[in-house]
Amino acid sequence: MKIALFKESRPGETRVALTPDAVKALVAEGWQVEVEHDAGTLAHFLDDAYVSAGASVVAAASGDVNLRVNAPSLEEAARVPEGSLHLSFLSPLLALDVVKALNDRRVTVVSFDLLPRISRAQYMDALSSQSTVSGYRAALAGATHLDRFFPLLTTAAGTIRPARVLVMGVGVAGLQAIATAKRLGARVRAYDVRTAAKEEAESAGAVFVQLGVTADAAGGYARELTEAERTQQQTALLGEVANSDVVITTAAVPGRRSPILVTTAMVEAMSEGSLIIDMAADGGGNCELTKAGEVIEHQGVRVVGLANPPAEMGTHASFLYANNVLKLLGLFGSKGELHPDWSDEIVVGVTVASGGQVHHAASAEALGVTAVAITPEVKESE
């Protein structure tokens with residue numbers, strides 16, 4: 001069977017779903033691989049490298065398995081072969097027209113956004129791997145845009161105090177932002193509504209901020225705050241934000257709008273020259289003033305809306321993503337053939353639709369169709 005690797009069409013995207021090393025591994029396992037011309041060029045993986053790995057470079061790729069980083073456009077979805085498999089960061093609730101177009105073609109639609117948060121899935125967790133890149137880039141963006149030093153400097157001309165950095169959200173991205181800002185010499189504080197985040201933040205080098213508002217849910221995740229809790233949280237956060245030189249927000253929710261953490265009133269309480277780095281800008285932003293891809297100045301405070309931060313590190317972001325693809329694809333097929341294990345909770349969890357039926361309940365509801373649960377075939381005992 002053939003795997004098709006596509007050049008990303010999203011403006012500004014530098015990543016690619018497979019590196020030449022990943023292609024080499026797939027070819028060795030028995031797959032044919034077709035790579036669209038210049039698919040990896042922006043990540044510094046040239047066509048010759050893919051050819052050397054055993055792939056064919058073509059003008060327009062098409063395969064039994066179709067790999068991307070981002071969701072295809074409607075035009076691209078119309079060219080996906082009927083009955084094939086599509087894998088990407090689809091964010092189905094934000095791309096319902098694409099889900100419908102693919103499902104009409106009886107494509108098996110697989111999205112990394114829906115990967116179950118279980119230990120066995122860690123090796124294929126592209127959300128986490130790309131969040132690592134985003135957190136790193138967010139801290140660097142803070143150091144770049146701030147017109148002051150991050151570290152403590154003692155010089156003959158005087159002593160400069162270290163920058164005060166507040167990281168909001170202690171997930172994978174937040175932890176990487178904490179660690180990077182700490183390595184750059186900043187004094188780092190961190191906040192999260194999860195109780196378990198305290199130990200994690202402190203292990204990365206931050207002082208954990210406790211505001212009296214927690215929202216622990218099953219499995220160590222956070223539940224949605226009530227309106228009263230949100231008001232209490234924002235009131236308590238006002239002072240923390242006001243005393244920070246740089247605020248880095250990292251609260252992104254896959255497939256949904258990012259929650260508002262920093263209000264306009266908080267921005268107005270910050271000192272002249274302070275900075276907000278909003279890593280969740282693509283989802284609408286954690287700050288009320290954020291505009292994705294833009295730097296907004298409000299009463300002397302700049303709000304930087306980071307758009308697609310992993311694309312700023314195309315080489316390593318692609319390397320991590322490609323490894324995630326190999327691990328997940330291994331559950332859908334091996335030795336050059338597709339044979340999904342429909343009894344595997346990971347396979348079931350990431351599959352949005354197949355065979356003309358929508359399995360993801362939220363997508364089915366949004367599309368106005370009935371969700372059909374995946375039931376594994378029962379093999380007759382010998």
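**Cores, helix packing and individual residues in the predicted model**

At a relative accessibility of 0%, Leu328 counts as buried in this predicted model, and its place is in helix H10. Leaving out residues up to four places away in sequence, Leu328 touches Leu87, Val110, Phe112, Leu115, Met124, Ile346 and Val350. With one of these residues, Met124, the link spans 204 residues along the chain, whereas the two C-alpha atoms are separated by 5.5 Å.

Leu328 also belongs to the largest nonpolar core, which comprises 39 residues and in which Ile3, Leu18 and Leu328 touch the most other members. Two or more residues are given to this core by each of strand E1 (2-5), helix H1 (20-28), strand E2 (32-36), strand E4 (65-70), strand E5 (85-89), helix H10 (314-332) and helix H11 (345-350). The largest share, seven residues, is that of H10. The surroundings of Ile3, when residues up to four places away in sequence are not counted, consist of contacts with Leu18, Leu26, Trp31, Gln32, Val33, Glu34, Val65, Leu67 and Leu329. A second core, separate from the one just described, has 28 residues, among them Phe150, Ile178, Ala186 and Ala201.

Ala201 of this second core is also one of the buried residues of helix H7 (residues 197-204), where Ala197, Ala201 and Ala204 are buried. These three residues lie on the same side of H7, because the arc that they cover around the axis is only 65°. The cover over the buried residues of H7 includes helix H6 (172-183), strand E10 (187-191) and strand E11 (207-208), while the exposed residues Glu199 and Ser203 are carried on the face turned away from the buried side. H7 is followed by Gly205, which has a positive phi near 110°.

Helix H6, which takes part in covering H7, also packs against helix H5 (residues 126-145), and the axes of H5 and H6 come within 7 Å and cross at roughly 35°. The crossing in which H5 passes H6 is right-handed. From H5, the residues that take part in the contact are Ser128, Ser131, Thr132, Gly135, Tyr136, Ala139 and Leu140, and these meet Val172, Ala173, Gln176, Ala177, Thr180, Ala181 and Arg183 in H6. In composition, the residues of this contact divide into seven nonpolar, six polar and one charged.

Gln130 is likewise found in H5, and its relative accessible area of 5% makes it a buried residue. When its neighbours within four places in sequence are left aside, Gln130 is in contact with Arg15, Phe89, Pro310, Ala317, Leu320 and Tyr321. Beyond H5, the loop between this helix and strand E7 (153-155) contains Arg148, which counts as partly exposed at 32% relative accessibility. The contacts of Arg148, again without its neighbours within four places in sequence, are with Asp245, Glu272, Gly273 and Ser274. Between the C-alpha atoms of Arg148 and Ala28, which are 120 residues apart along the chain, the separation is 51 Å.

Strand E3 (residues 56-58) includes Val58, for which contacts with Glu34, Val35, Glu36 and His37 are found when residues up to four places away in sequence are not counted. The C-alpha atom of Val58 is separated by 9.4 Å from that of Asp38, and the two residues are 20 residues apart along the chain.

Positive phi values are also found in residues that are not glycine. In Asn308, phi is positive and near 50°; this residue is placed in the loop between strand E15 (301-305) and H10, and Asn308 is buried, with a relative accessible area of 6%. Lys335, which is not a glycine either, has a positive phi of about 50° and lies in the loop between strand E16 (333-334) and strand E17 (337-338). Lys335 is exposed, its relative accessible area being 69%.

Key: Residues numbered from 1 in each chain as written. Predicted model: local features only at pLDDT ≥ 70, side-chain atom pairs only at ≥ 80, totals over all residues. Heavy atoms only, no water. Buried < 20%, exposed > 50% of the residue type's maximum accessible area, 1.4 Å probe, protein only. Helix = DSSP H or I, 4+ residues; strand = E, 2+ residues; numbered from the N terminus. Arc of directions from axis to C-beta. Contact = heavy atoms within 4.5 Å. Axes fitted to C-alpha atoms, helices over the stretch in contact; angles between N-to-C directions. Left-handed = near helix turned anticlockwise from the far one by under 90°. Nonpolar A, V, L, I, M, F, W, Y, C, P; charged D, E, K, R; others polar. Core = buried A, V, L, I, M, F, W, Y, C linked by side-chain atoms within 4.5 Å.
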